[in-house]
Amino acid sequence: NKENTVGVIYIIRDPRNVVTSFAHHYQIDSDEATKCLLNEKFWNYKNEKVPKTFLSSWKQNYNSWKQMKNKVLFVKYEDLLNRKKTTLIKIFKFLIIYFNYVF
C-alpha cells in the first residue's frame, strides 16, 4: 500500500509485445493472448509451477500503478533496450531520491 511503499519502479512494456511474450509463455496463439490481456476479470493459467493468480487486463494493471503518481517511476522496457544510458541515469536519480528518504 502507499503508506508502506517508499517508491516503485514500474517497467512498462508495449502491449503489442506483451501479447507475443504472453502467448509464448502460456503456449497459446496471439488471438487468445490478446483476449486474456483485454479481460479485466482474467486469472492466469494455472500449471504445476504457477498457482492460479488474478491478473486482470493490461490496461487495468497499468492504471492501478498510474494512480500512485509521485511514488512510481515509469520506465519503458523499450527504453531499457534502446536508450540504456539515459534510462539508467533516470533510474539512479529516482533511487537516490528515495534512498535518501528512507535513510
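In the predicted model, Cys-36 is buried, since its relative accessible area is 4% and thus falls under the 20% limit for that class. Cys-36 is placed in helix H2, and its C-alpha atom is 9.1 Å from that of Phe-22, a residue 14 positions away in sequence. Phe-22 itself belongs to helix H1 and is likewise assigned to the buried class, with a relative accessible area of 10%. A wider separation is found between Cys-36 and Ile-12, which are 24 residues apart along the chain and 18 Å apart from C-alpha to C-alpha.

Both Phe-22 and Cys-36 take part in the packing of H1 against H2. Two packed helices are described by the angle between their axes and the distance between the axes. For H1, which spans residues 15-26, and H2, which spans residues 30-38, the axes come within 8 Å and cross at roughly 110°. Because this angle lies in the range of 65 to 115 degrees, H1 is classed as roughly perpendicular to H2. The crossing in which H1 passes H2 is right-handed. On the side of H1 the contact is formed by Val-18, Val-19, Phe-22 and Ala-23, and on the side of H2 by Ser-30, Ala-33, Thr-34, Cys-36 and Leu-37. By residue class, this contact comprises 7 nonpolar and 2 polar residues, with no charged residue taking part.

The loop between H1 and H2 contains Gln-27. The phi angle of Gln-27 is near 55°, a positive value in a residue that is not glycine. With a relative accessible area of 74%, Gln-27 is exposed, because the value is over the 50% required for that class.

Aromatic pairs form a further feature of the model, and a search of the whole structure returns 7 of them. A pair of aromatic rings is described by the distance of the centres and the angle of the planes. In the pair formed by Tyr-10 and Trp-65, the centres are 5.6 Å apart and the planes lie at 35° to each other, an arrangement classed as tilted. This pair connects distant parts of the chain, as Tyr-10 is located in strand S1 (residues 8-12) and Trp-65 in helix H3 (residues 58-66), with these positions 55 residues apart in sequence. The two partners fall into separate accessibility classes: Tyr-10 counts as buried at 13% relative accessibility, whereas Trp-65 counts as partly exposed at 28%.

The rings of Trp-58 and Tyr-62 also have their centres 5.6 Å apart, but their planes are at 10°, so this pair is classed as stacked. Trp-58 and Tyr-62 both belong to helix H3, where they are 4 residues apart, about one turn of the helix. Trp-58 is partly exposed, its relative accessibility being 25%. Through ring pairs, Tyr-10, Trp-58, Tyr-62, Trp-65 and Phe-74 are linked into a cluster.

Helix H3 also contains Ser-64, for which a relative accessible area of 36% gives an assignment as partly exposed. The relation of Ser-64 to the H1 and H2 packing can be described through Ala-33, one of the contact residues contributed by H2. Ser-64 and Ala-33 are 31 residues apart along the chain, and a distance of 21 Å separates their C-alpha atoms.

Helix H4, covering residues 77-82, includes Glu-78. Although Glu-78 and Ile-12 are 66 residues apart in sequence, their C-alpha atoms are separated by 8.6 Å in space. When residues up to four places away in sequence are left out of account, Glu-78 touches Ile-12, Arg-13, Asp-14, Asn-17 and Arg-83.

Terms used
Residues are numbered from 1 along each chain as its sequence is written. This is a predicted model: local features need pLDDT of at least 70, side-chain atom pairs count only at pLDDT 80 or more; totals for chains, interfaces and linings use all residues. Side-chain values use heavy atoms; hydrogens and water are left out. Axes are lines fitted to C-alpha atoms, for helices over the stretch in contact, and angles run from 0 to 180 degrees between N-to-C directions. Helices (H or I, at least four residues) and strands (E, at least two) are DSSP runs, numbered from the N terminus. Angles under 35 degrees count as roughly parallel, over 145 as roughly antiparallel, 65 to 115 as roughly perpendicular and the rest as oblique. A crossing is left-handed if the near helix is turned anticlockwise from the far one by less than a right angle, and right-handed if clockwise. Contact means heavy atoms within 4.5 Å. Ala, Val, Leu, Ile, Met, Phe, Trp, Tyr, Cys and Pro count as nonpolar, Asp, Glu, Lys and Arg as charged, and the others, Gly among them, as polar. Rings of Phe, Tyr and Trp (its six-membered ring) pair if their centres lie within 6.5 Å; planes under 30 degrees apart count as stacked, over 60 as edge-to-face and the rest as tilted. Buried means under 20% relative accessible area, exposed over 50%, partly exposed in between (1.4 Å probe, protein chains only).
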